Amino acid sequence: MRTISLHDSRSGQVVELRPRDPGKVGIYACGPTVYSRIHVGNARPFVVFSLLKRFLEHEGLEAVLVANVTDINDKIYTAARAAGVPSEELARDMTAHYIADTERLGLGRPDHEPLASEYVEPIVALIGDLVDGDHAYAAGGDVYFRVRSLPSYGELSHRTVDQMDQGEGVEGADRKEDPLDFALWKGEKADEDASWESPWGRGRPGWHIECSAMAEELLGVELDIHGGGADLLFPHHENEAAQTLAARGKPLARVWMHNGMLQLADEKMSKSEGNIRGLSDALDEVGRDALLLYFIGGHYRQPIAYTRERLDAAAASVRRIRDAARRLKPGESPEDLAPLRDAFFDALADDFNTAEALARVFDWIREANRREGPVGDAQLREMLEVLALDNLLEADEGPPEELIELARRRTEARAAKDFAEADRLRDEVRAAGWEIRDGPSGPELVPVA
C-alpha cells in the first residue's frame, strides 16, 4: 500500500497518515448550518472529503466519513423569525434541500450525517465534564469555556491570545470571566422557539461543542482526519480541539485538514458577502460532471476562482474524456501505460493532489490516442472511478432522429450561405442538449457537457 500523506494545519507540515486503528480511517468533516440553501462553495468540502474516502478505500483502507448538519444555531433562529416559520421547520426544510442538492453530485452519502438536535444529551454530558474539570463555568443560565485554562489554546490556528476574537460580539460579555471565553451552553431566550433541559437550566448548545460531542460519539477521540473549510480554522476548529483536549486529555484529531475557499474576483464566496451561487443553480448551469472536474482541477488547500473561464475549461475536460472513451474498448489496458496510472494514485497519496492526478489522466489519454486501434479502458476506468467520473466512459445514447435532421438542414443552410438560419438550427440543437461538431466526414452530434 502507498504511504499516504496529508497537510496537517496544526503542525503546518505534510505528515504521514497513521491511522489510530490499523486499516481503518475515521474522517469527520464539518457540514452546513442549515438556515438557507447551500451555495457552491459549501459543496467543496463535501466533494473533497467524499473523494478522499473513495481514494482511501481504493488503497485498501476501511474509511468512515461523518459529515454533520448543524440544525441548532443563532443563524437559524434569525432566519426563521424573518421567514415567519418555526426554527425547527426551517432547519428541517433546509436539511432536505441540502441532501437533495448534494445528492445530485453523485458521490453517495457520508456514512453518518448526525443532526446536532439529535445529540443534545451527549453534548450536555461533555459540557458537564468540562465544568467538573474546572475548564468551564456556569453564569446566569449560560456555560462558558475558560480559554486560559488550556495553555495550548491557539496552537491549531497559530494565534496568540492577543489575536483572539470569538466572534460572539457583546453577547454574554457581562457574564464572562474573560472576554476570550466562549459559550458552551446558551440559556433560553424569549425570542427563540427551541430549547432543551440541562443542569444549568433550559437552553441550547453553543456551536463549537456540538461537533466535539458528535465527533466523539461516532468516531472517538484521536480520530484520524478532521476536515472542513479554511474559514472554520478559527474559532470553530480551535474551540473543538480545546474542548476535547480539556475534557479527555487527548487530542480530538490526529490530522486537521482544511480546504481553501471559492472566490469571486478577490472575495471569498459566502452568504455574508452576498455573492453566493447556489449549488443547485450551478448544477443546472454546468452539469454534474463539469462541476466535479472544476473542483478536482484545483488543489484542495488552495482558493479556487469561480469564473466562467474555469467552468468552461472543466466542460471542455468532460468532452475530452468522453471523446477518448469513444476510441477505447472494454478490457485490460497496455502494461506500458501503467506508470501513468500509478502516477495518478501517487499524486493523490501526496497530500491528495487532485490537480496533479487529473493531469496524469490526460497524459494517459494522450498516450492511448497515439496507439493504432482502440486500447483497453481498464486503467482509465480505475482512475475515473476514484474521481466518481467513470460514467464518462459509458457509451452515449445516439441523438434523436429529429436532431440529426436539424443538423442536416444546418449543413444545407451553410452550403447556401444562409448563416443566420444555420446558427438558428445550431442553437436549437444545442438547446436540446447536443452540440454539432463539423469534421472531415461531416457534422457529428455529441452531448453537451
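## Helix α3

Helices are DSSP runs of H or I with at least four residues, numbered from the N terminus, and the expected span of a helix is 1.5 Å times one less than its number of residues. In this predicted model, local features need pLDDT of at least 70 and side-chain atom pairs count only at pLDDT 80 or more, while totals for chains, interfaces and linings use all residues. Residues are numbered from 1 along each chain as its sequence is written, and side-chain values use heavy atoms, with hydrogens and water left out.

Helix α3, residues 87-103, has 17 residues and reaches 24 Å from its first C-alpha to its last, close to the 24 Å expected. Its buried residues (under 20% relative accessible area, with a 1.4 Å probe and protein chains only) are S87, L90, A91, M94, T95, Y98, D101 and T102. Seen down the axis of α3, these buried residues fall within an arc of 135°, taken from the directions from the helix axis to the C-beta atoms, so they line one face of the helix.

## Residue L218

L218 has its place in helix α5, residues 207-219, and is partly exposed (between 20% and 50%), with a relative accessible area of 25%. Leaving aside its neighbours within four places in sequence, L218 is in contact (heavy atoms within 4.5 Å) with V66, H112, P114 and Y119. The C-alpha atoms of L218 and R202, which are 16 residues apart along the chain, are separated by 26 Å.

Conventions:
Helix = DSSP H or I, 4+ residues; strand = E, 2+ residues; numbered from the N terminus.
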